[in-house]
Amino acid sequence: MSKETKKQDETSRHLPEHGPIDEKTGKEVLLSVRNVDIVFGKGDKALKAVKNASFDIYKGETFSLVGESGSGKTTIGRAVIRVNPCAAGEILYKGVRISGNIPHSLDREVIRNIQMVFQDPAASLNERATVDYIISEGLYNFHLYENEADRVAKVEKMINEVGLLPEHLTRYPHEFSGGQRQRIGLARAMIMEPELVVADEPISALDVSIRAQVLNLLKKFQQEQGTTYLFIAHDLSIVRFISDRIGVIYKGDLVEIAEAEELFNFPLHPYTKSLISAIPIPDPQLEKNKVLFTYDPSVHDYSEDKPEMVDIGHNHYIYGNKKEIEEYKAIREKGVPVKSVTIQEPGTAAPEKTPEEKAAAQKAEEVKLSAEILEHPIHDTGSKWLAILSFFLPLLGLIGAFIYRKMNYIRNFKACRKGAIIGFITLGVVLVIFALLIGLAMI
């Protein structure tokens, strides 16, 4: 970035009409995430949820972020709407920095132009407000209506488009199911006619019959209003058919970015392969004989040769060190689609695992066994009442401690043992004092 552009980003109080043009693709860049780190906590307890994330979203496209739970997808989405602060890097909207401290006028424009459909509709809706007010709140704040009749018409039109009825407008969120609340959240975002929508699992709470309707509605807004989507999901079967480009994220690291069909035809990173292999196959017999591809992070050796995100051609970016990048390039240049799913022939033995796969399976089993040993049962609270009861009934406390130890209720075991030990010591002291008093009385 030039000094002039950087200065403009830092001093801009308003968004320009158009964003910068990407030299490679010739498309308008609406959102740029550049080398973003997001950290929760401080000091020794600090957790880096997102590490050096970088990607662009072009105007009018659907860019999807996929990955397992806890990978950092929602964290990035919340950073885009300025909820999560960036510990490093910056987020640009139409070439203007919107992360960190920005002028109030710019902040209002960002709110107006970027909306979010949250993953948990119950937590994101005001339980004390009617559906009519919830959907109209943005219209009120930015006065996006001519008169009351215009506002009512806009709200009723939107509520119909998301599959609800006008009579629902007088009700409160707690009167609806989870799927209906999700549709209310979608209506609240879309009535603002935003340029960018961060859709965080927008259909995960919906019935299967409703999902297609909502996806078609999102596409309709995109075609009519040119809406751009940052679509956050873990269901790749849906993501494939609605996305222009897909970014795959693993534990805070973006590992692969490519166009939808490119990614599914040439999944080069092992983690991407594992996600694709996990997509259910509609045929139950094929699904039964499917061999899952398991991702093992230990296959990467980044001790000396550090990884980075590299464009290997075909607008395909992948994360790896120099050795891995050369291997990925060689595979891609062959032009032969990469097979991610293996179907085992019925009645045949499972294919022999490679030494790497055996080591990964053994490691996973050890981790699972360790987790079972270290895991505390749900009622293993170490309640103070157990310690108090063991204090007054130390023998019963020792019996309880023995039983809890056998059942792996470690906290309860420690509470009973502690109370029983203190109880026995106290009883011993009392007996000694009592014996001394009797001895003195006899003298």
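Helix α16 (residues 394-406) and helix α17 have axes that come within 8 Å and cross at roughly 160 degrees. The two helices are therefore roughly antiparallel to each other, a label for angles over 145 degrees, while angles under 35 degrees count as roughly parallel, 65 to 115 as roughly perpendicular and the rest as oblique. Axes here are lines fitted to C-alpha atoms, for helices over the stretch in contact, and angles run from 0 to 180 degrees between N-to-C directions. Helices (H or I, at least four residues) and strands (E, at least two) are DSSP runs, numbered from the N terminus.

This is a predicted model, in which local features need pLDDT of at least 70 and side-chain atom pairs count only at pLDDT 80 or more, whereas totals for chains, interfaces and linings use all residues. Residues are numbered from 1 along each chain as its sequence is written, and side-chain values use heavy atoms, with hydrogens and water left out.

Helix α17 (residues 410-442) also packs with helix α15 (residues 384-392). The table sets out both pairs.

| Helix pair | Angle | Axes |
|---|---|---|
| α15 and α17 | about 30 degrees | 7 Å apart |
| α16 and α17 | roughly 160 degrees | within 8 Å |With that angle of about 30 degrees, α15 and α17 are therefore roughly parallel to each other. α15 passes α17 in a right-handed crossing, whereas the crossing of α16 and α17 is left-handed. A crossing is left-handed if the near helix is turned anticlockwise from the far one by less than a right angle, and right-handed if clockwise.

Now to the strands. An open sheet of 4 strands has the order β2-β1-β4-β5, with antiparallel pairing. Its edge strands, β2 (47-58) and β5 (96-97), each pair on one side only. Two strands pair if DSSP finds at least two bridges between them. Strand β1 (residues 29-40) and β2 are joined in the antiparallel sense over 8 bridges, and Val 33 stands opposite Phe 55 in β2.

Strand β6 (residues 114-117) has both of its faces covered: Ile 114 and Met 116 on one side, and Gln 115 and Val 117 on the other, are all buried. Buried means under 20% relative accessible area, exposed over 50%, and partly exposed in between (1.4 Å probe, protein chains only). β6 and strand β7 (residues 196-200) run parallel and are joined by 4 bridges. Which residue in β7 is the bridge partner of Ile 114? That partner is Leu 196.

Next come the rings. The structure holds 9 aromatic pairs. Rings of Phe, Tyr and Trp (its six-membered ring) pair if their centres lie within 6.5 Å; planes under 30 degrees apart count as stacked, over 60 as edge-to-face and the rest as tilted. Tyr 250 and Tyr 271 have ring centres 4.6 Å apart and planes at 50 degrees, so the pair is tilted. This pair links distant parts of the chain, with Tyr 250 in strand β9 (residues 245-250) and Tyr 271 in helix α11 (residues 270-277), 21 residues apart. Both tyrosines, Tyr 250 and Tyr 271, are buried. Elsewhere, Tyr 133, Tyr 140 and Tyr 145 form one aromatic cluster.

Charges can sit over rings too: this counts if NZ of Lys or CZ of Arg is within 6 Å of the ring centre and within 35 degrees of the ring normal. Arg 332 lies over the face of Phe 266, at 3.8 Å from the ring centre, and Arg 405 lies over the face of Phe 413, at 5.8 Å from the ring centre.

Finally, look at two loops. Most residues other than glycine have a negative phi. Lys 251 is not a glycine, yet has a positive phi of about 50 degrees. Lys 251 is found in the loop between β9 and β10 (253-259) and is exposed, with a relative accessible area of 52%. His 314 has a positive phi of about 65 degrees, although it is not a glycine. His 314 has its place in the loop between β12 (308-311) and β13 (317-320). Is His 314 buried, partly exposed or exposed? At 45% relative accessibility, His 314 counts as partly exposed.
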